[in-house]
Amino acid sequence: MPPTLRNRLGVITSGSLVEGLCARLEGRESVEDMRVGKFVVIKGEKNEFFSMITDVVLEATNQKVLADPPNGDAFIHEVLAGTSTYGSITLKPMLMLPSDVNQGLLPPKTIPRHFAQVLEAEEDDFKRVFGLEDSTHFEIGRPLDMDVPVCLDLERLVERSNGVFGKSGTGKSFLTRLLICGTIKARVASNLIFDMHSEYGWESTSEQGGFVKGLRQLFGGEVLVYSLDPATSRNRNVPLDAEVVIGLDQIEVEDVTLLQDELNLTSTAAESAYLLVDRFKESWLRALLAMDAEALNEFAESSGGHAGALSALKRKLEQVARKGFVKESAPAGVIDRMIDQLEHGRHVVLEFGRYSDTLSYMLTANVLTRRIRRRWVEKTEQYIRSKNAADKPRQLMITIEEAHKFLNPAAAKQTIFGTIARELRKYSVTLLVVDQRPSSIDADVMSQIGSRVTALLNDEKDIDAVFTGVSGSASLKAVLASLDTRQQALVLGHAVPMPVVVRTRAYDAEFYRAVGRPEVTRQQAQDAIDELFSE
């Protein structure tokens with residue numbers, strides 16, 4: 001669009017590529033219309049620079065005016081505005097848009113000249129930068145001051161682990177739903193969702209008090225609902241596909257070390273557990289729980305262990321055995337079938353019901369994900385050997401809430417989730433981490449997160465953590481701090497061409513229709529379950 005038809009906001013007066021550019025506003029422009037996070041286009045000689053406002057400043061050409069301000073007379077204010085007093089904005093160039101619209105978008109490597117025009121960004125600019133919704137591009141929201149979609153590249157999204165961050169009450173669960181719905185609709189990945197608070201599978205309440213649809217209602221038989229607590233799920237009229245039970249022989253030492261803080265285990269607990277593994281193999285936990293005081297002493301003497309440490313380990317692991325979903329032995333069929341469904345392109349929501357405590361959540365998530373990791377590594381190695389596309393494992397995204405419990409600096413180095421975040425991208429497994437305290441997540445893990453959707457955060461440590469590994473983050477911190485409490489987010493990373501602040505897409509009836517699946521009733525869901533398990 002020719003610059004004469006656009007609204008000119010001002011001209012560039014100073015700045016640098018590293019520190020950002022300063023533009024003087026036109027006298028008719030109000031500084032109150034210049035919000036942090038707003039996008040503008042700088043018209044250079046050879047390129048247009050798509051830029052974000054990162055600061056708004058009041059300036060004066062004559063300091064005497066500030067020393068003796070007018071007494072509030074509106075006429076005097078009008079006379080001084082744009083001459084003796086004026087506003088300026090600080091701009092961060094995000095992308096260079098070559099004059100030839102057929103050329104691709106470029107990262108800024110230079111800056112425009114003095115007095116280059118600063119123009120209001122228009123719909124065509126956003127469409128050129130963020131594209132339009134299609135089979136693999138999904139609308140996450142719209143710019144704060146414009147009604148044009150901002151789309152994520154879903155294929156790039158699932159290539160790496162991603163994060164949804166924000167303080168309590170900012171709508172993290174709804175942002176997570178949007179991302180998961182996008183990947184299901186586009187069929188770019190299978191999803192495993194550890195649903196700690198029963199929010200994703202079937203309908204749940206919103207913060208406004210109404211009800212919102214779950215993934216099973218939106219996508220039918222493509223989404224399966226498993227539960228550790230079938231009674232609670234059925235009380236909510238949730239059509240269940242299967243109950244998940246964990247046997248004592250399925251719990252490994254690595255799962256126990258993950259629970260060190262929850263069970264208050266000593267530093268010698270792992271050593272004692274490995275002594276049991278050496279003797280009893282996969283039945284180590286069952287054997288420990290069956291020992292009385294005499295048997296513990298005999299085992300300690302024969303293995304070189306400490307009877308007191310073994311007794312303490314037994315006492316604390318009895319908390320695990322008392323969980324209703326932990327049995328003496330359990331068939332591996334349910335878990336194996338769940339993994340099979342993920343391999344074949346279906347999506348699984350695992351509800352925890354009354355077992356939503358941290359101990360149950362961490363134990364279950366680690367046991368299941370460790371098995372998944374083994375399966376995907378085997379499939380990848382088979383694909384490398386055969387080079388047959390049919391052997392290539394399907395992309396899998398695992399969603400975990402309260403992610404810092406698995407990915408804090410101590411746990412991330414020893415849990416399967418830390419391994420996935422750091423290493424399993426090459427095996428087609430990534431994480432979607434959801435957390436309100438990103439500062440508690442290991443810095444190495446945060447640096448591996450490809451795309452970040454961040455709602456309002458207040459804590460400085462959390463804000464710093466979100467920008468771990470992000471270049472030019474200083475100017476973006478002010479943008480993040482200026483977000484509203486709800487339905488606004490800063491999106492940045494691998495899945496978008498540049499950081500952008502959006503009004504997040506509403507999870508409502510219009511969204512349900514856009515997903516493109518007919519609504520699923522409880523009876524239809526139950527019929528699909530019966531058909532699935534009669535195969």
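Which residues form a nonpolar patch on the surface, with about 240 Å² of accessible area together? Select L17, V18 and I111, and you have the patch on screen. Before going further, keep in mind that this is a predicted model.

**Start at the hairpin**

Stay on V18, which is found in the loop between β1 and β2. Its relative accessibility is 66%, and because exposed means over 50%, V18 counts as exposed. Now extend the selection to both strands, β1 (residues 8-16) and β2 (residues 20-25): they run antiparallel and are joined by 6 bridges. The hairpin that takes β1 into β2 uses 3 residues. For one rung of this pairing, pick S14, which stands opposite C22 in β2.

Next, bring up β5 (residues 85-98). This strand also runs antiparallel to β2, with 4 bridges between the two. Click L21 and look across to β5, where L91 is its bridge partner.

While you're in this part of the numbering, select R8, E26, R28 and E29, a group linked in a network of salt bridges.

**Zoom out**

Show the whole chain. The C-alpha trace spans about 95 × 50 × 50 Å along its principal axes. Colour by secondary structure and you should be looking at 23 helices and 22 strands. Of the 535 residues, 53% count as buried.

**The 12-strand sheet**

Now for an open sheet of 12 strands with mixed pairing. Walk across it in this order: β8-β7-β22-β21-β20-β9-β19-β18-β10-β17-β13-β14. The edges are β8 (150-153) and β14 (242-243); each has a single partner strand, so one side of each is left without a neighbour in the sheet.

Inside that order, select β10 (residues 190-195) and β18 (residues 396-401). These two run parallel and are joined by 5 bridges. A handy pair to label is I193 and T399, the latter standing opposite I193 in β18.

**Salt bridges across the chain**

A search of the whole structure finds 27 salt bridges. Here are some to visit.

- Show the side chains of R354 and D229, which meet at 2.6 Å, N to O. R354 sits in the loop between β17 (347-351) and α15 (358-386), while D229 is in the loop between β13 (223-227) and α7 (230-235); the pair is 125 residues apart and links distant parts of the chain. Is each partner buried or exposed? R354 is exposed, with a relative accessible area of 54%, whereas D229 counts as buried at 2%.
- Move to D255 and R370, a salt bridge at 2.4 Å, N to O. This one connects helix α8 (residues 253-258), home of D255, with helix α15, where R370 lies, and the partners are 115 residues apart. Both D255 and R370 are buried.
- Then pick E328 and R286, whose side chains meet at 3.6 Å, N to O. E328 is in the loop between β16 (326-327) and α14 (333-343), R286 is in helix α11 (residues 284-290), and 42 residues separate them. R286 counts as partly exposed, at 26% relative accessibility.

**Last stop: a charged patch**

Finish by selecting D292, E294, E298 and E301, which form a negative surface patch. Centre the view on E294 in helix α12 (residues 293-303). E294 is exposed, its relative accessible area being 55%. For a side-by-side view, bring back L17, V18 and I111, the nonpolar surface patch where the tour began.

Technical notes:
Residues numbered from 1 in each chain as written. Predicted model: local features only at pLDDT ≥ 70, side-chain atom pairs only at ≥ 80, totals over all residues. Heavy atoms only, no water. Patch = residues over 30% accessible without salt bridge, like charges linked within 9 Å, V, L, I, M, F, W, Y side chains within 5 Å. Areas by Shrake-Rupley, 256 points an atom, 1.4 Å probe, with all protein chains shown as cover. Salt bridge = Lys/Arg side-chain N within 4 Å of Asp/Glu carboxyl O. Lys, Arg positive; Asp, Glu negative; His and termini not counted. Charge placed at Lys NZ, Arg CZ, Asp CG, Glu CD. Buried < 20%, exposed > 50% of the residue type's maximum accessible area, 1.4 Å probe, protein only. Pairing = 2+ DSSP bridges.
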